[in-house]
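Hi,

Here is the structure I said I would pass on. Have a look at it, and then read on for what turned up when I went through it.

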Amino acid sequence: AALMSNKGDVLGVRVGVKTRGCSGLSYTMDYVKEPKKFDEVVNAENGIKVYIDPRALMYMAGATMDFVEDRVKREFVFSNPNAKGECGCGESFTV
């Protein structure tokens with residue numbers, strides 16, 4: 001919620017998947033000001049809405065997303081049971 005607090009009229013975040021990276025697919029994230037017609041909407045903690053791009057649903061089924069913060073970095077971490085492998089840097093995955 002703190003990440004979106006200074007974004008004005010943002011409704012939530014959209015998660016998708018694009019073809020790129022060493023392993024073939026990587027996650028995308030963007031702020032949502034207006035939902036798209038076929039977005040799947042998930043109500044997450046703290047009242048945050050996550051909009052899932054319909055083209056990503058088959059890759060995201062059963063996946064979880066968490067925001068992790070430590071002394072060195074702050075990032076979203078995906079745990080995806082559909083992923084059969086990842087590239088060495090962890091930026092892309094394959095199914």
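Below is what I found, starting with the overall layout and then going through particular residues.

One thing up front: this is a predicted model, so please read everything below in that light.

**Overall layout**

The chain has eight strands and one helix. Going from the N terminus, the order is β-β-β-β-α-β-β-β-β. There are 95 residues, and 26% of them are buried. If you take the contacts with a separation of 6 or more, 37% are between residues 24 or more positions apart. The exposed area of the chain is about 6,800 Å², with 50% of it supplied by carbon and sulfur atoms.

**The core**

As you know, nonpolar side chains in soluble globular proteins tend to be buried together. Here the largest nonpolar core is made of ten residues: Val13, Val15, Leu25, Tyr27, Val50, Ile52, Ala56, Met60, Phe78 and Phe93. At least two of these residues come from each of strand E1 (12-19), strand E2 (25-32) and E4.

Two of the core members also pair up through their rings. The count of aromatic pairs comes to two, and one of these is Tyr27 with Phe78: the ring centres are 3.9 Å apart and the planes are at 10°, so this pair is stacked. Tyr27 sits in strand E2 and Phe78 in strand E6 (residues 74-79), so the pair ties together parts that are 51 residues apart in sequence. Both Tyr27 and Phe78 are buried.

**Salt bridges**

What holds the charged side chains? I found five salt bridges in the whole structure, and three of them are worth going through here.

- Asp39 and Arg14: their side chains meet in a salt bridge at 2.6 Å, N to O. Asp39 is in the loop between E2 and strand E3 (40-43) while Arg14 is in strand E1, so this pair ties together parts 25 residues apart in sequence. Asp39 and Arg14 are both buried.
- Asp53 and Arg55: this salt bridge comes in at 2.7 Å, N to O. The two ends are placed quite unlike each other: Asp53 has a relative accessible area of 12% and is buried, whereas Arg55 counts as exposed at 65% relative accessibility.
- Glu69 and Arg74: here the side chains meet at 3.7 Å, N to O. Glu69 is exposed, with a relative accessible area of 51%, and Arg74 counts as exposed too, at 54%.

**Around Asp53**

Asp53 deserves a second look. Its place is the loop between strand E4 (49-52) and helix H1 (57-60). With neighbours within four places in sequence set aside, the residues in contact with Asp53 are Arg14, Val15, Gly16 and Asp39. That list includes Arg14 and Asp39, the two partners of the buried salt bridge above, and Val15, which is one of the core residues.

**Gly12 and Val42**

Gly12 is in strand E1 and counts as buried, at 0% relative accessibility. Which residue is 37 positions away along the chain, with its C-alpha 4.8 Å from that of Gly12? The answer is Lys49.

Lys49 comes up again next to Val42. Val42 lies in strand E3 and counts as partly exposed at 37% relative accessibility. Beyond its neighbours within four places in sequence, Val42 is in contact with Ile48, Lys49, Val50 and Ile52; of these, Val50 and Ile52 are among the core residues. Val42 and Gly12 are 30 residues apart in sequence, and their C-alpha atoms are 9.9 Å apart in space.

**A patch on the surface**

Last, some nonpolar side chains are on the outside. Met29, Phe67 and Phe76 form a nonpolar patch on the surface, and together they have about 220 Å² of accessible area. Phe67 belongs to strand E5 (residues 64-69) and counts as partly exposed, at 31% relative accessibility.

If you open the model, I would begin with the Tyr27 and Phe78 stack, go on to Asp39 and Arg14, and finish at the patch of Met29, Phe67 and Phe76.

Cheers

Methods
Residues are numbered from 1 along each chain as its sequence is written. This is a predicted model: local features need pLDDT of at least 70, side-chain atom pairs count only at pLDDT 80 or more; totals for chains, interfaces and linings use all residues. Side-chain values use heavy atoms; hydrogens and water are left out. Helices (H or I, at least four residues) and strands (E, at least two) are DSSP runs, numbered from the N terminus. Contact means heavy atoms within 4.5 Å. A nonpolar core is a set of buried Ala, Val, Leu, Ile, Met, Phe, Trp, Tyr and Cys residues joined through side-chain atoms within 4.5 Å. Buried means under 20% relative accessible area, exposed over 50%, partly exposed in between (1.4 Å probe, protein chains only). Rings of Phe, Tyr and Trp (its six-membered ring) pair if their centres lie within 6.5 Å; planes under 30 degrees apart count as stacked, over 60 as edge-to-face and the rest as tilted. Patches are made of residues with over 30% relative accessible area and no salt bridge: like charges are joined within 9 Å, nonpolar side chains (Val, Leu, Ile, Met, Phe, Trp, Tyr) within 5 Å. Accessible areas come from the Shrake-Rupley method with a 1.4 Å probe; for residues, only the protein chains shown count as cover. A salt bridge is a side-chain nitrogen of Lys or Arg within 4 Å of a carboxyl oxygen of Asp or Glu.
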